[in-house]
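I opened a fresh page for this structure today. Here are my notes, in the order I looked things up.

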Amino acid sequence: MAPTTRSFSFPRVIIEKDTDSEQSSSEEEDDEEPLHDEDEDEGENGKDSENDGQRIEEESNKKGKASITISLKKVCKVCKRTGHEAGFKGATYIDCPMKPCFLCKMPGHTTMSCPHRVATEFGVIPASHKNTRNALLYVFERQFKPHIPPIKPAYVIPDQVNCAVIRYHSRRVTCLEFHPTNNRLLLSGDKKGQVGVWDYDKVHEKVVYGNIHSCIVNNMRFSPTNDGMIYAASSDGTISCTDMETGISSSLMNLNPDGWQGPNNWRMLYGMDINPEKHAVFVADNFGFLYLVDTRSNNKSGQAVLIHKKGSKVVGLHSNPLQPDLLLSCGNDHFARIWDIRQLVAGSSLHDLAHRRVVNSAYFSPISGCKILTTSQDNRIRVWDSIFGNLDSPSREIVHSHDFNRHLTPFRAEWDPKDPSESLAVIGRYISENYNGIALHPIDFIDVSTGQLVAEVMDPNITTISPVNKLHPRDDVLASGSSRSLFIWRPKDDHEPTEQKDERKIVICTGTEKKRKHKSKNDGSDDDDSDVDKFTSTSKGKNLKSTKSATKMRNTPRKMNR
């Protein structure tokens, strides 16, 4: 029997481009005279091609095969329209022409030419040093002003990476906390629920406890009575109290005792702070409620109180350092609120500080407790100079790039706890800077009393974003969490000779070594392994021209604060 063959018909492939291939200008100049005839011919050819296309499509539809369209047009990632592109290309951000400036959210200019990008103090009204007749502020100045020096001291900026532990956590770092008495211990929490303890003086002494929480550790605080115990609030709905040395943990409160009951019933804990005077741990959830845990009995106390809009996350809590009865909260309902915990009922806030978008963080000033610093998703850092003054509007708004939290820990501007003038804050930056052809994301030090950028620190080996930053309460040390790694920054000593980094201070955690042994040698598609090897080669400094951290200092004249 003769073999039978079948004829296969393939669908038509249509390729769409932005512009079709056109003739050169010289050809157009030579053919200027018969332009009318060519147009007629093109029209006839176009009609014929359209008829052919219709015939082919009809034939393909009859045979049950639709045509395949491949689009090569440029599509904007911001507005989803064709004809233009927007976003980052290397270290340059290209604006979408259909949207306002990505930085200040105002139309009329691009992000690269934004006046707030050129100078952060653009449009900022500096703090006034005039006397006031406010009675409360007068009493405050008489009581606490003698502890604040009349002359603002020079800022000491940690601008050089001193040591680092690479891929310390299995997921991104979410929070950092320095030990209250041991100056060399740093605690870190991550998205997976792990808590790490790292001695950054003895770089190799580190431990990670992975059995404390099952998901994101959002906040950590040390016990005021036992500095070996750490409280942590997690998105699994529990508060834990953990012994740092043994890793043994106990759950103080569990908002999901019955397990997973659906997303509408799952409670997650975000904001947390400890009030030593009241022996209380304040913690808030994703439904707008505030809870109280007694540190003496380690049990939940009282009933939950609705402090923000029902159904909104309360992402931050902070107790006033000098007035323990005052509590500051912030959340996704676009408000930061001041509360008196002696009369804590729903709707009884002392002041509501309005913002245009979600508030990532809100903090009282660390020494006097008189100022308030907030970070909002509208690319604004807001400062209130006095809680006794007019709180209807902030004293100043500073435009800063931090409007991004997808796959990132939210950016938070935090005070320098050592600064007696209460004017220095640190925050990571989202928009990158071009440093010798490399896109780097600096960490900014901002004078919140004037809006000036004091310094922006970066390192050529850190190409990831650093949204989590913490200044040491006693030493000139900055800890930053970038992706899964931790970095310790110290001030650069100009008198020391320029030398290469000590490789013993860079620890690379290779948690996938056992897995790699079981893989075939030809399998080179592991991104984690390639990243580790890449950092190892760059940390040796053989192919890198400069392994020093790049720091841009803004040398601005200092005014005398009398």
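**Entry 1: salt bridges.** Before looking at any pair, I wrote down the rule: a salt bridge is a side-chain nitrogen of Lys or Arg within 4 Å of a carboxyl oxygen of Asp or Glu. I also noted that I am reading a predicted model. The idea behind the rule is friendly enough: side chains of opposite charge can pair when their charged atoms come close.

I started with Glu456 and Arg429, which form a salt bridge whose closest N and O atoms are 2.4 Å apart. Glu456 sits in strand 31 (residues 452-458), while Arg429 is in the loop between strand 27 (424-428) and strand 28 (433-435); the pair links distant parts of the chain, 27 residues apart. Are these two residues buried or exposed? I found Glu456 buried, at 3% relative accessibility. Arg429 is buried as well, at 9%; the cut-off for buried is under 20%. This pair belongs to a network: salt bridges that share partners join Arg117, Arg429, Glu433, Asp444 and Glu456.

**Entry 2: two further pairs.** I then turned to Asp201, which forms a salt bridge with Arg490, with 3.5 Å between the closest N and O atoms. Asp201 lies in the loop between strand 8 (195-199) and strand 9 (206-209), and Arg490 in strand 34 (residues 485-490), so this salt bridge ties together parts that are 289 residues apart in sequence. I checked the exposure of both. Asp201 is partly exposed, with a relative accessible area of 48%, and Arg490 is partly exposed at 25%.

My next pair was Asp340 with Arg342, a salt bridge with its closest N and O atoms 2.9 Å apart. Here the two partners fall into separate classes: Asp340 counts as buried at 9% relative accessibility, whereas Arg342 is exposed at 60%. How many salt bridges does the rule give? I noted a count of 26.

**Entry 3: a nonpolar patch.** Moving to the surface, I asked which residues make a nonpolar patch there. I listed Val13, Ile15, Ile68, Ile70 and Leu72, which make a patch of about 440 Å². Strand 1 (13-16) and strand 2 (68-71) are the elements that give two or more residues to this patch. I picked out Ile68 for a closer look: its place is in strand 2, and it counts as partly exposed at 41% relative accessibility.

**Entry 4: the second largest pocket.** I wrote down a volume of about 1,000 Å³ for this pocket. Its lining has 29 residues, and Glu177, Arg221, Asp273, His318 and Lys470 lie nearest its centre. By class, I noted 16 nonpolar, six polar and seven charged residues in the lining.

Which strands supply at least two residues each to this lining? My list reads strand 6 (173-178), strand 10 (217-222), strand 14 (269-275), strand 18 (314-319), strand 22 (359-364), strand 26 (414-415) and strand 32 (468-471). Strand 14 gives the most, with three residues.

While I was at strand 14, I looked up Tyr270, which is found there. Tyr270 counts as buried, at 13% relative accessibility. I also checked its distance to Gly316: the two are 46 residues apart in sequence, yet 6.9 Å apart in space, C-alpha to C-alpha.

**Entry 5: cavities.** How many cavities of 30 Å³ or more does the structure hold? I noted four. The largest cavity has about 290 Å³ of space. It is lined by 23 residues, and the closest to its centre are Asn219, Tyr363, Arg412, Glu414 and Lys470. I recognised Lys470 from my pocket entry, where it is among the residues nearest the centre. Strand 6, strand 10, strand 18, strand 22 and strand 32 each supply at least two residues of this cavity's lining. The classes came out as eleven nonpolar, seven polar and five charged residues.

I finished with the second largest cavity, which holds about 40 Å³ of space. Its lining is made of His441, Ile443, Val457, Met458, Asp459, Ile462, Thr464, Ser466 and Trp489. I sorted these residues into five nonpolar, three polar and one charged.

Key. Residues are numbered from 1 along each chain as its sequence is written. This is a predicted model: local features need pLDDT of at least 70, side-chain atom pairs count only at pLDDT 80 or more; totals for chains, interfaces and linings use all residues. Side-chain values use heavy atoms; hydrogens and water are left out. Helices (H or I, at least four residues) and strands (E, at least two) are DSSP runs, numbered from the N terminus. Buried means under 20% relative accessible area, exposed over 50%, partly exposed in between (1.4 Å probe, protein chains only). Patches are made of residues with over 30% relative accessible area and no salt bridge: like charges are joined within 9 Å, nonpolar side chains (Val, Leu, Ile, Met, Phe, Trp, Tyr) within 5 Å. Accessible areas come from the Shrake-Rupley method with a 1.4 Å probe; for residues, only the protein chains shown count as cover. On a 1 Å grid over the protein atoms alone, a cavity is a set of points where a 1.4 Å probe fits but cannot get out, and a pocket is an open set with protein on both sides within 12 Å along at least five of seven lines; lining residues have an atom within 4 Å of a point. Grid points are joined across faces, edges and corners, and a volume is the space filled by probe spheres set on the points. Ala, Val, Leu, Ile, Met, Phe, Trp, Tyr, Cys and Pro count as nonpolar, Asp, Glu, Lys and Arg as charged, and the others, Gly among them, as polar.
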